[in-house]
Amino acid sequence: MIDAFFASWPLFHNTYLSGWLIGIVLSLLGVLIVARDQIFLGAAVSQASLLGIAIAILLGSWMTLDEHHWVRSDIFHATVGGAFSIVAALFTARGSPTAGRESHEAVTGWIFLLSVSSSVLLMSHSPHGLEEVHRLLSSTLIGATQTDVWIFAGMTAVTTVALWYYHRPALLIVMDREMARAVGLRVGWWDTLFAVWLGTVVGFSIHVAGVIYAFASLVLPALIAKNLSREVRSMFFLSPLVALTNGIFSFMLANHYDYPPGQMATTVLCFVLAVAWFVHFLRATRLSS
């Protein structure tokens with residue numbers, strides 16, 4: 001299996017590297033989402049990105065002149081998808097001015113349902129567009145380019161450095177927002193900054209990896225780390241380690257049995273999370289007895 005994986009490296013190395021980098025950067029951001037108990041936010045932001053890509057595809061089908069070829073480019077699709085992810089993340093972070101006292105969960109659910117239904121409706125009369133939406137929904141990493149590798153390498157580096165230098169205020173805001181305000185932290189500004197970066201990373205990840213793998217990388221490694229570690233600080237090390245280890249193993253498995261790498265990685269993460277839940281249950285039972 002290992003020999004076959006190395007033999008496939010010249011053909012699929014961009015796919016493997018992009019998938020691993022996406023897993024690392026999203027798993028780091030996922031620690032903050034899981035610590036804040038806003039897991040469904042990841043699904044809503046992912047679907048909002050899909051809606052943006054659907055709108056970009058629709059614009060490309062309308063603008064058929066040669067000088068408008070940039071509207072049909074992958075970069076434009078990823079940019080619009082990222083923009084919609086940012087708007088969705090900001091909307092949930094700040095709350096809707098017309099939603100009154102609705103909870104974050106209500107607003108997040110509204111964004112998710114609006115995005116997933118609208119993206120299909122917009123593409124329902126466009127065979128190519130509907131195929132692209134289904135491709136992104138079903139998740140795929142095949143087709144990643146060298147440019148994608150560099151983009152996600154940069155995103156991973158920026159995220160890692162930012163968390164290294166600012167993990168203390170980030171943890172304080174996550175664990176105790178009132179205390180963070182009391183010590184002078186601008187909580188609203190931090191929420192906005194996180195929402196913009198989350199939307200940017202998720203938007204570009206969706207275009208390359210699809211909804212399933214992106215959402216799984218965002219929440220599952222962090223959930224596994226949460227059940228195996230005793231404090232949020234250690235989750236920042238354990239979560240990306242889980243994501244990378246799973247990515248290497250799952251991609252080898254997918255290559256050996258000729259399965260889609262995104263779905264294979266997601267399935268393996270789900271099984272690992274089930275084991276982590278069981279370990280956490282045994283630990284809690286032993287402590288209570």
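Is Asp258 buried or exposed? In this predicted model, Asp258 is exposed, with a relative accessible area of 68%. That value lies above the 50% cut-off for an exposed residue. Asp258 sits in the loop between α10 and α11. Its backbone also deserves attention. Most residues other than glycine have a negative phi. The phi of Asp258, in contrast, is positive, near 60°.

The overall fold is helical. The protein contains 11 helices and zero strands. Read from the N terminus, the order of elements is α-α-α-α-α-α-α-α-α-α-α. The protein has 289 residues, and 48% of them count as buried. The exposed surface comes to about 14600 Å². Carbon and sulfur atoms supply 69% of that surface. Contacts reach far along the sequence. Of those between residues at least 6 apart, 78% join residues at least 24 apart.

Helix α1 covers residues 2-35. Two neighbouring positions in this helix, Asn14 and Thr15, were examined. Thr15 is buried, with a relative accessible area of 4%. Asn14 also counts as buried, at 15% relative accessibility. Both figures fall under the 20% cut-off for burial. Beyond its neighbours within four places in sequence, Thr15 contacts Leu141, Ile142, Gly143, Ala144 and Phe251. With residues up to four places away again set aside, Asn14 touches Ala144, Thr145, Gln146 and Val149. Ala144 thus appears among the contacts of Thr15 and among those of Asn14. Asn14 and Ala144 are 130 residues apart in sequence. In space, their C-alpha atoms are 5.6 Å apart.

Helix α2 spans residues 39-62. Its 24 residues should cover 34 Å at 1.5 Å a residue. The end C-alpha atoms are 36 Å apart, which agrees. Burial is extensive here. Of the 24 residues of α2, 18 are buried, so the helix is largely enclosed by the rest of the structure.

Helix α4 runs over residues 104-123. Its 20 residues should span 28 Å at 1.5 Å a residue, and the end C-alpha atoms lie 29 Å apart, in agreement. The buried positions of α4 are Val107, Thr108, Gly109, Ile111, Ser115, Ser118, Ser119 and Met123. How such positions relate along a helix follows from its geometry. An α-helix has 3.6 residues a turn, so residues three or four places apart point the same way. In α4, Ile111, Ser115 and Ser119 are among the buried residues.

Val202 belongs to helix α8, residues 187-209. Val202 is buried, with a relative accessible area of 2%. Apart from its neighbours within four places in sequence, Val202 contacts Leu26, Val45, Ser46, Ser49 and Ser85. Val202 and Leu29 are separated by 173 residues in sequence. Their C-alpha atoms are 9.9 Å apart in space.

The C-terminal part of the chain includes α9 (211-228) and α10 (232-257), with α11 at 261-288. Helix α11 has 28 residues and should span 40 Å at 1.5 Å a residue. Its end C-alpha atoms are 40 Å apart, which agrees. The buried residues of α11 are Pro261, Gly262, Met264, Ala265, Thr266, Val268, Leu269, Leu273, Ala276 and Arg283. These buried residues pack against α9 and α10. Arg283 is thus listed among the buried residues of α11.

The interior was also searched for empty space. One cavity of 30 Å³ or more was found in the whole structure. The volume of the largest cavity is about 40 Å³. Its lining consists of Gly23, Tyr213, Ser217, Pro221, Ala243, Asn246 and Leu269. Helices α9 and α10 each supply at least two of the lining residues. The largest share, three residues, comes from α9. By type, the lining divides into four nonpolar, three polar and no charged residues. Leu269 lines this cavity and is one of the buried residues of α11.

How values were computed
Residues numbered from 1 in each chain as written. Predicted model: local features only at pLDDT ≥ 70, side-chain atom pairs only at ≥ 80, totals over all residues. Heavy atoms only, no water. Helix = DSSP H or I, 4+ residues; strand = E, 2+ residues; numbered from the N terminus. Buried < 20%, exposed > 50% of the residue type's maximum accessible area, 1.4 Å probe, protein only. Contact = heavy atoms within 4.5 Å. Areas by Shrake-Rupley, 256 points an atom, 1.4 Å probe, with all protein chains shown as cover. 1 Å grid on protein atoms, 1.4 Å probe; cavity = no way out; pocket = protein on both sides within 12 Å on 5 of 7 lines; lining within 4 Å. Points joined across faces, edges and corners; volume = space filled by probe spheres on them. Nonpolar A, V, L, I, M, F, W, Y, C, P; charged D, E, K, R; others polar. Expected span 1.5 Å × (residues − 1).
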